[in-house]
Amino acid sequence: MPGTVVVGLQWGDEGKGKISYLLSREAEYVVRFQGGANAGHTVVVDDKELRFNMLPAGAASGARPCIASGTVVDLNEVMEEVQLLKSIGVNVSPLISRNANIVLPIHRELDSMIEGMRSGEALGTTGRGIGPAYSDKALRIGIRIEDLLHREILENKVKFLEKAHGLKITGIDELAKLAENFIENICSLEIILNDLLDNGVNVIFEGAQGTLLDIDHGTYPYVTSSNTTVGAVLTSCGIGPRKISEVVGVMKAYTTRVGAGVFPTELKDESGVILRERGREYGTTTGRPRRVGWLDIPLTRYCIKINDVDWIALTKLDVLSGFDKLKICVEYELDGETVKLTSPSVRLLERVKPIYIELDGWPKLSKKDWEEISTKGWDSLPDNAREYVETIEELLGKPIKIVSIGARVGMEVVK
Ligand code: IMO
Ligand code: MG
């Protein structure tokens, strides 16, 4: 604090939403700084399952949500999620950067069109128009939030966009109308955030996707279209590095991935099926079954380095109960020799064989057992579960301060 960044250390779905919620309870603002409605953040508060695609999940704690300029904004989602928050008695109005680009219906169409063209090599995007929206931004033909408030400028931009894509743009009037609801909220967010941080106000920066989906540092081309890592906070929010006091990395106790791309520790056998079912590993945004596998230490180490992570929150430990043996990949082998991972190069990762260590599991625990553990704390975890967590800490060289058990708030152990 005051500037705390939450990032994912795998391929997304690490449980950033819940961890951001826990930290946002002590904060006044919580910021989405990249991505769009491709995120799927779930947090369960008082038995109510809340899913966020566009607003930061931390907002469910009452912290004011902000959407920074580096995002691509789906205004319909913003509206729906503001209503969702209202339904649980949280009346907050989001601050939206005037500079953020918007996602148009045409972006979704283009997203599925390009995926179709790739046929066998489709990325498996979320279909939310993320790639095309960012590409219009990079081409400098995108429409920004503030444009929606200026009829003439908007019409000219839409005309040009139609020319550039050779397609008719629809849905603009609805979006312009929607934007009017947010006139008071559309702001120079960078100035506001700098002032808040200068005054010692606690702000959480809630990452979406994960480090391995970062467009520069991830498993390109099987990535998303934004930087998902800590640097994106600075560029998107217009703040300097000294404003960030802490970087929290979130990782699952095993690995998952939705969509295509390399995955060295993927489990394609029966234990993979068990892991997927126990962990309910189906996408929040798209409902797709997630690919699952054991923990991958070389890749996680890389993600920790890229983000300069201070400490880790480990999620979904409960899902691993009942396995006789648990494996952790500690190194890779290539053509009979151990290889060092210098970057998540797809060419390298496609060829390596994971080298595993094996740990003893612990018996299957009931929901009640886990509730008791959450109340009693760290020492009440089964010995082998503690050993599993401590082994990861040792291998990664970073402390694990929160061990989370499912999406429900309260079901966690703070170390
Ligand atoms: P959260 O925030 C997991 C994946 C998609 C696809 C690739 C590109 O819940 O961690 P995109 O629609 O972004 O162009 O898709 O990225 N992907 C995610 N996977 N969690 C996410 O978000 C993701 N957002 C995008 O499955 O492989
Ligand atoms: Mg998700």
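**Exercise 1. Locate I114 in this predicted model, and decide whether I114 is buried, partly exposed or exposed.**

Solution. The first step is to place the residue, and in the predicted model I114 belongs to helix α3, which runs over residues 105–118. The second step is to classify its accessibility: the relative value for I114 is 36%, and since buried means under 20% and exposed over 50%, I114 counts as partly exposed. A distance completes the picture, for the C-alpha atom of I114 lies 9.2 Å from that of P132, although 18 residues along the chain lie between the two positions as the separation is counted.

**Exercise 2. Determine which residues coordinate the magnesium ion (ligand 2), and explain why the pair ties together parts that are apart in sequence.**

Solution. Begin with the donors: the magnesium ion (ligand 2) is coordinated by D13 through OD and by G40 through its O atom, at 2.0 to 2.5 Å. Next, place both residues: D13 sits in the loop between β1 (3–8) and α1 (16–24), and G40 in the loop between β2 (29–32) and β3 (41–45), so the pair ties together parts that are 27 residues apart in sequence. Finally, compare their accessibility with the cut-off of 20% below which a residue is buried: D13, at 21% relative accessibility, counts as partly exposed, whereas G40, at 15%, counts as buried.

**Exercise 3. Describe the surroundings of V44, stating which residues V44 touches beyond four places in sequence.**

Solution. V44 is part of strand β3, and with a relative accessible area of 10% V44 is buried. Once residues up to four places away in sequence are set aside, V44 touches E49, A407, R408 and V409. As a separate, C-alpha to C-alpha value, V44 and K18 are 7.9 Å apart in space while being 26 residues apart in sequence.

**Exercise 4. Work out how helix α6 is oriented against α5 and against α2, and which residues meet at each pairing.**

Solution. Two packed helices are described by the angle between their axes and the distance between the axes. For the pairing of α5 (residues 151–165) with α6 (residues 172–180), the axes come within 12 Å and cross at roughly 150°. That angle makes α5 roughly antiparallel to α6, and the crossing is right-handed. The residues that meet are R151, L154 and V158 from α5 and I172, D173 and A176 from α6.

For the pairing of α2 (residues 75–87) with α6, the axes are 10 Å apart and the angle is about 40°, and these two helices are therefore oblique to each other. Here α2 passes α6 in a left-handed crossing, with L75, N76 and M79 of α2 meeting L175, L178 and A179 of α6.

**Exercise 5. Characterise T265, naming the backbone atom that lies 2.7 Å from a polar atom of its side chain.**

Solution. T265 is found in the loop between β12 (255–257) and α9 (270–278), and at 0% relative accessibility T265 counts as buried. The backbone atom sought is the oxygen of W294, which lies 2.7 Å from a polar atom of the T265 side chain. Apart from neighbours within four places in sequence, the contacts of T265 include W294 itself together with T255, G293, L295, D296, C329, P354 and Y356.

**Exercise 6. Explain why helix α10 counts as largely enclosed, and describe what is found at its start and just after it.**

Solution. Helix α10 covers residues 297–307, and eight of its 11 residues are buried, so the helix is largely enclosed by the rest of the structure. The buried residues are I297, P298, L299, T300, Y302, C303, I304 and N307. At the start of α10, a side-chain oxygen of D296 comes to within 3.1 Å of the backbone nitrogen of L299. Just after the helix, D308 adopts a positive phi of about 50°.

**Exercise 7. Examine the backbone at P221, K316 and D335, and state where each residue lies.**

Solution. Take the peptide bond first: from Y220 to P221 the bond is cis, with omega near 5°, and P221 lies in the loop between β10 (203–206) and α8 (231–237). Turning to phi, K316 has a positive value near 60° without being a glycine; K316 is in the loop between β15 (311–315) and β16 (325–334), and counts as buried at 19% relative accessibility. D335, also not a glycine, has a positive phi of about 50° and lies in the loop between β16 and β17 (337–339), where D335 is exposed with a relative accessible area of 66%.

Notes. Residues are numbered from 1 along each chain as its sequence is written. Chains are lettered from A and ligands numbered from 1 in the order in which they are written. This is a predicted model: local features need pLDDT of at least 70, side-chain atom pairs count only at pLDDT 80 or more; totals for chains, interfaces and linings use all residues. Side-chain values use heavy atoms; hydrogens and water are left out. Helices (H or I, at least four residues) and strands (E, at least two) are DSSP runs, numbered from the N terminus. Buried means under 20% relative accessible area, exposed over 50%, partly exposed in between (1.4 Å probe, protein chains only). A polar contact is a pair of N or O atoms within 3.5 Å; within protein, one must be able to donate a hydrogen and the other to accept it, and residues adjacent in sequence count only if both atoms are side-chain atoms. Contact means heavy atoms within 4.5 Å. Donors are N, O and S atoms within 2.8 Å of the metal (3.2 Å for Na, K and Ca); water is not among the atoms, so sites may look incomplete. Axes are lines fitted to C-alpha atoms, for helices over the stretch in contact, and angles run from 0 to 180 degrees between N-to-C directions. Angles under 35 degrees count as roughly parallel, over 145 as roughly antiparallel, 65 to 115 as roughly perpendicular and the rest as oblique. A crossing is left-handed if the near helix is turned anticlockwise from the far one by less than a right angle, and right-handed if clockwise.
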